[in-house]
Amino acid sequence: MRCAEALYTRGNKHFRTLEPYGITIAGSTTVVIRDTADLAAMWKNTTALSYDPFVSRMLIAFGISKCNVEKVFQSDPGSLMPKERKDCTLLHTENPRRKCYMHLQSEWFKKQLLPGDNLVRLQNDYLIYLRDVMNFDKFKSHFITYQGSDMDSPAVTVLLGKLSRCILSHCALRAFFGEELFQIEPDFAQVYQKWEDDSWKVFYNYPYIFAKDLHDARLRAIEALAQYYEIPDHQRHPCWLFRVMDRELEFVGLPRTDRAGMVMMICWAINNNAHYICFWMIIHMLCTPDILNTVRSETDACCTPDGSCKIEKLLEHCPALDGVWNEALRLYNASTAVRKAVTDCFIGNKIIHSGDQIFGPVRNWQLEEGFFGECARNFRADRWTKNKNLTRSKGFTPFGGGHTYCPGRYFAQRETYMFIAILLRRFELQVTDPSGLPILHPQVPPVEVNLPAPAAMRPVHDIYITLKRRAV
Ligand code: HEM
């Protein structure tokens, strides 16, 4: 069962039409969707098909007690509070439809992450941290494997995946929380990453004895977050969302570690995917110099003499970069749209019974020639420049859809583009061995299909690259 990809491939071969099919394991049925029209129907039916049971399971995996999970799904939570508290909480003052905490939180995601002032603040903060950290003297020793000794032409050899992950999380976590989180737990990013490495176990509810590292890292990260929220308000600098979440969860009645667990779950969404997508984008460029050169000339034109870059220009004037981004999102994404039937309903002609789970694995359509043209399983960034309408294809759903459509997609694109622009501007990159010896015909590593991925997929192994300061 761990290799869902193999299961879907077998199912797809066995059932030759695009009708949904069911798999029954230990008495519970999972219906697998293959047709994008059925996917759209699933997203649309928000009354019979619910996302909440999946979220509840995740919350329990983050250590939130069952009774507190019930509290965050309690509708109209403001009505249970005394008047003096009611008047201070968004759960009452800005909740005309009397939603439960969790559903209101989804609206706050959008307020923080969709284009607007809150997103601009976040991306500008991210860029400040990025400009500072993209220097040899700021690179952390744990991802450097070799340091050249030539003072005139300094060089470092690093693991590409580790570099992308460390830089992105360094900047994103600081943009979302401010520096204060790292004063409490200087290794917060590494502790989180240790948890993330094993986070696929979360889907199977591994108990402590079988996933000690996972649970220990979770408890340590949550304790750091709980301590962070104990710093007086004016001395810490969370983004708008994280300030509101902690305050409103306190109104709902959640204790400090459960509030911190809820925030950690969002840290997962923030961090887990973009660094893998950066890895795939960069390694494909390094293995195809033509693409690298085209992208670099686009991104260089968006960089400024003071070592920064213009975000809006990157988003609007870099078609080759867009192609690499879209192609990586398409090929290296194993996200699954999930819902659970709370009443009987239909998808197409198929009856879905209350209690059934519905799974829509995006690789069922993102690798289809019918949507993406020939060689749909191969990386061809130019398919996006040749067909400008491809991003609107029904088969392209890397960020999900419906009411759970990823609100972080704008931030993800911005952080990736800024990272790649500054990396290419400041450094010459080459695939090498661990001691910096060039590899003449580097190959893109295979993608890991044997571990479940919440969205972006990891490579089977990392790649060494050597960075030299670029003369510009
Ligand atoms: C390349 C990077 C990313 C990919 C591929 C990705 C993909 C996804 C997918 C597939 C979903 C589930 C949608 C569904 O079930 O319908 C999702 C949800 C979500 N994502 Fe992302 N995501 C990325 C980056 C981010 C970032 C950077 C953030 C935050 C800054 C973020 C925040 C969220 C949140 C909060 C949700 C839950 C939405 C809800 O339940 O209302 N994501 N993402």
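Which helix lies across strand 5 and strand 11? Before looking, I noted that this is a predicted model, in which local features need pLDDT of at least 70, side-chain atom pairs count only at pLDDT 80 or more, and totals for chains, interfaces and linings use all residues. Residues are numbered from 1 along each chain as its sequence is written.

**Entry 1: the sheet.** I found that helix 9 (residues 160-177) lies across both strands and runs at about 90° to strand 5; helices (H or I, at least four residues) and strands (E, at least two) are DSSP runs, numbered from the N terminus. For the angle I used axes fitted as lines to C-alpha atoms, for helices over the stretch in contact, with angles from 0 to 180 degrees between N-to-C directions. Contact here asks for C-beta atoms, placed from the backbone, within 7 Å. I then saw that strand 5 (residues 155-159) and strand 11 (residues 464-469) pair in the antiparallel sense over 5 bridges, where pairing requires that DSSP finds at least two bridges. In this pair, Thr157 stands opposite Thr466 of strand 11. I noted that the open sheet holds 4 strands in the order 4-5-11-10, and that its edge strands, each paired on one side only, are strand 4 (144-147) and strand 10 (427-431).

**Entry 2: a residue elsewhere.** I looked up Ile420 and found that, leaving out residues up to four places away in sequence, it touches Cys278, Met281, Ile282, Thr299 and Leu321.

**Entry 3: the ligand.** I recorded 26 residues around the ligand, with Asn273, Ser335, Gly400, Cys406 and Gly408 the closest; a residue is near if its C-beta atom, placed from the backbone, lies within 6 Å.

Methods:
Contact = placed C-beta atoms within 7 Å.
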